[in-house]
Amino acid sequence: MKIGGFLVGGSCLALLLSGCAGQTTDPRQGGLFSYNPQAYEQRLLERHDHLSQVEQANRDAESKSAVLESERVSRQQEKTQLQRQIRTLSASITKMEKDIKAKRVKTTAQQQEQQRILAELDTLKASSRTTDNIEDPEEKRLELKRLQQRRDQLEKEAQGLMRL
């Protein structure tokens with residue numbers, strides 16, 4: 001009977017010990033007898049790899065953020081410059097309009113030419129105001145150039161009118 005009791009006790013002890021040795025590789029979840037150094041090292045390596053990946057993703061995001069910020073600043077400077085050019089254009093149109101109105105014309109043909117130029121200047125002023133609302137910088141730049149060329153053409157016509 002001693003052997004039978006020994007077998008029963010040994011079987012119970014084996015069952016208890018096998019219950020303590022779980023199948024997990026996480027040292028925080030295992031019991032006293034489930035410590036597996038290889039599994040622990042593997043888990044540590046996986047965590048270091050994951051940390052490295054996250055840190056690289058952060059560096060990539062910071063780099064992209066810096067590039068985007070640089071582009072934003074560049075576009076803001078370009079927008080400011082275009083707005084300044086539009087204000088300058090508007091001011092020069094207004095000055096030209098005052099100069100033309102101040103000029104006293106002698107003939108009906110000169111008066112008609114003066115009125116035509118003034119009407120085109122009004123149209124040019126309205127166009128310059130709407131140009132400021134164009135969002136695309138390239139399109140805004142092209143429209144500004146077109147308006148400046150038209151202003152220069154009207155200025156030459158006005159100078160010809162003033163010489164008469």
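Among contacts in the chain between residues at least 6 apart in sequence, what percentage join residues at least 24 apart? The share is 61%. Keep in mind that you're looking at a predicted model.

**The overall layout**

Let's start with the parts list. The chain has four helices and zero strands, so reading from the N terminus you get α-α-α-α. Of its 164 residues, 17% count as buried.

**Two helices side by side in a table**

Here's how α3 and α4 look when you set out their lengths.

| Helix | Residues | End-to-end C-alpha distance | Expected span |
|---|---|---|---|
| α3 | 24 residues | 34 Å | 34 Å |
| α4 | 27 residues | 39 Å | 39 Å |

For α3, the end C-alpha atoms sit 34 Å apart, which agrees with what 1.5 Å a residue should give. For α4, the 39 Å reach is close to the expected value.

Now, which residues of these helices are buried? In α4 they are K140, L144, L147, R151, L154, A158 and L161. Look at the numbers and you'll spot steps of three or four. An α-helix has 3.6 residues a turn, so residues three or four places apart point the same way. The cover over the buried residues of α4 includes α2 and α3.

In α3, the buried residues are Q110, Q114, I117, L118, L121, L124, K125, S127, S128 and T131. Their cover includes α2 and α4.

**The nonpolar core**

The largest nonpolar core holds 15 residues, and I100, I117, L121, L124 and L154 touch the most other members. Helices α2, α3 and α4 each supply at least two residues of this core. The largest share, six residues, comes from α2.

Let's zoom in on a couple of these. L124 lies in helix α3 and counts as buried because its relative accessibility is 4%, under the 20% cut-off. Leaving out residues up to four places away in sequence, L124 touches I93, L147, R150, R151 and L154. Take R151 from that list: L124 and R151 are 27 residues apart in sequence, yet their C-alpha atoms are 7.5 Å apart in space.

L154 is one of the buried residues of α4. Apart from its neighbours within four places in sequence, L154 is in contact with M96, I117, E120, L121 and L124.

**A buried glutamine**

Is Q114, in helix α3, buried or exposed? Q114 is buried, because its relative accessible area is 7%, which is under 20%. Setting aside neighbours within four places in sequence, Q114 is in contact with I100, K101, K103, V105 and L161. One of those partners, I100, is also among the core residues that touch the most other members, and another, L161, is a buried residue of α4.

**The largest pocket**

Finally, let's look for empty space. Rolling a probe the size of a water molecule over the atoms shows where such space is left. The largest pocket has a volume of about 180 Å³. Its lining is made of R75, E78, K79, L82, D132, I134, E135, P137 and K140. The elements giving two or more residues to this lining are α2 (37-102) and α4 (137-163), and the largest share, four residues, comes from α2.

What kinds of residues line the largest pocket? Three are nonpolar, none are polar and six are charged. K140 belongs to this lining, and K140 is also listed among the buried residues of α4.

Conventions: Residues are numbered from 1 along each chain as its sequence is written. This is a predicted model: local features need pLDDT of at least 70, side-chain atom pairs count only at pLDDT 80 or more; totals for chains, interfaces and linings use all residues. Side-chain values use heavy atoms; hydrogens and water are left out. On a 1 Å grid over the protein atoms alone, a cavity is a set of points where a 1.4 Å probe fits but cannot get out, and a pocket is an open set with protein on both sides within 12 Å along at least five of seven lines; lining residues have an atom within 4 Å of a point. Grid points are joined across faces, edges and corners, and a volume is the space filled by probe spheres set on the points. Ala, Val, Leu, Ile, Met, Phe, Trp, Tyr, Cys and Pro count as nonpolar, Asp, Glu, Lys and Arg as charged, and the others, Gly among them, as polar. A nonpolar core is a set of buried Ala, Val, Leu, Ile, Met, Phe, Trp, Tyr and Cys residues joined through side-chain atoms within 4.5 Å. Buried means under 20% relative accessible area, exposed over 50%, partly exposed in between (1.4 Å probe, protein chains only). Contact means heavy atoms within 4.5 Å. The expected span of a helix is 1.5 Å times one less than its number of residues.
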